[in-house]
Amino acid sequence: MSNVELNPEQILGLQDSHIIDMGQQRLDAHTAHAFTSLQEAAARDGFALEIVSSYRSFERQAWIWNQKATGQRPVLDIHSVPIDIKQLTPEQLVEEILNWSALPGTSRHHWGTDFDIYDAKTMTPETLQLIPQEYESGGPCASLFNWLSQHAHNYHFFWPYASERGGIHVEPWHLSYAPRSNQALHDFPEALLYQTLEQKDIKLKEVILPLLPQILKKYVYNINHPPFTS
Ligand SMILES: [Zn+2]
């Protein structure tokens, strides 16, 4: 396993040479190693810690983005009700899509350091909705979440979306491996992202490009930082 830091193309999801396969899921090799230790510790305490979503490429995120921008996938409002996007200005549409989907190049899932978890003893990927109630008191993943709250930091994992910060909503299922993701965030290649969005087929990019500094501030840099130094 190389100790090389994530390069700009890897940070934007354009290159996956740092990613390894672990059965159904794909992660950064360092993250995969640490996750396996966390998973074994969870198993000793009676939990089936599993990943439902891990690495995602720029191309995959661009596909999701374009489907929403062209109305081929529903754009949902804050109460999960589909919006009639024909009533929106392009700026409003960008804002609504960003409530639920990352702009291609800005998802932490591109890094392979971040992933979404659940308890396979109480849920299946098919029944899991990834809503906060599932992880709160009384929910099927609440015991696992409590266990992680006490143990994840020992393995250098943290929750970048632990509280509402006016950007991405609270995601108790989303864990990040700090030693690798801190570097990716620190070295985030803003200029390369701009050039990439300019060159690729990304719907609404004429609206996105002038707003890029604000989008990065609100959705990329605006996280809960880990409560420990790695
Ligand atoms: Zn996630």
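In the predicted model described here, the buried residues of helix α5 pack against strands β3 and β4. These buried residues are Leu144, Phe145 and Leu148, within a helix that covers residues 142-151. Seen down the axis of α5, they fall within an arc of 100°, so they line one face of the helix. The face turned away from this buried side carries Asn146, Ser149 and Gln150, which are exposed.

The two strands met by α5 belong to an open sheet of four strands, arranged in the order β3-β4-β6-β5 and paired in the antiparallel sense. Strand β3 (49-53) and strand β5 stand at the edges of this sheet, where each has a single partner strand, so one side of each is left without a neighbour in the sheet. Helix α6, formed by residues 178-186, also packs on the sheet, where it touches β4, β5 and β6, and its direction makes about 85° with that of β6. In general, the strands of a sheet pair through backbone hydrogen bonds, in either a parallel or an antiparallel manner.

The pairings within the sheet can be followed residue by residue. Strand β4 (residues 114-119) is joined to strand β6 (residues 174-177) by three bridges, the two strands running antiparallel, and Asp116 has His174 as its bridge partner in β6. Strand β5, which consists of residues 157-158, pairs with β6 over two bridges, again in the antiparallel sense. Here Phe157 stands opposite Tyr177 of β6, while Phe158 stands opposite Ser176 of that strand.

A further antiparallel pairing is found between strand β1 (residues 19-22) and strand β2 (residues 25-28), which are linked over four bridges. Within this pair, Ile20 has Leu27 of β2 as its bridge partner. The two strands form a hairpin with two residues between them, and Gly23, which lies in the turn, has a positive phi of about 65°.

Towards the later part of the sequence, the position of Thr196 may be considered in more detail. Thr196 is placed in helix α7, which comprises residues 190-199, and this residue is buried, with 20 other C-beta atoms within 10 Å, a count that meets the cut-off for burial of 20 or more. When neighbours within four places in sequence are left aside, Thr196 is in contact with Leu12, Leu14 and Gly105. Gln92, by comparison, is separated from Thr196 by 104 residues in sequence and by 23 Å in space, from C-alpha to C-alpha.

These elements are set within a chain that has eight helices and six strands. Read along the sequence, helices and strands follow the pattern α-β-β-α-β-α-α-β-α-β-β-α-α-α. The radius of gyration of the chain is 18 Å, close to the 17 Å that the globule rule gives for 230 residues, so the chain is as compact as a globular protein of that length. Along its principal axes, the C-alpha trace spans about 50 × 40 × 30 Å. Of the 230 residues, 36% count as buried. Among the contacts in the chain with a separation of 6 or more, 70% are accounted for by residues 24 or more positions apart.

How values were computed. Residues numbered from 1 in each chain as written. Predicted model: local features only at pLDDT ≥ 70, side-chain atom pairs only at ≥ 80, totals over all residues. Rg over C-alpha atoms; globule rule 2.2 N^0.38 Å. Buried ≥ 20, exposed ≤ 12 C-beta atoms within 10 Å, placed from the backbone. Contact = placed C-beta atoms within 7 Å. Pairing = 2+ DSSP bridges. Axes fitted to C-alpha atoms, helices over the stretch in contact; angles between N-to-C directions. Arc of directions from axis to C-beta.
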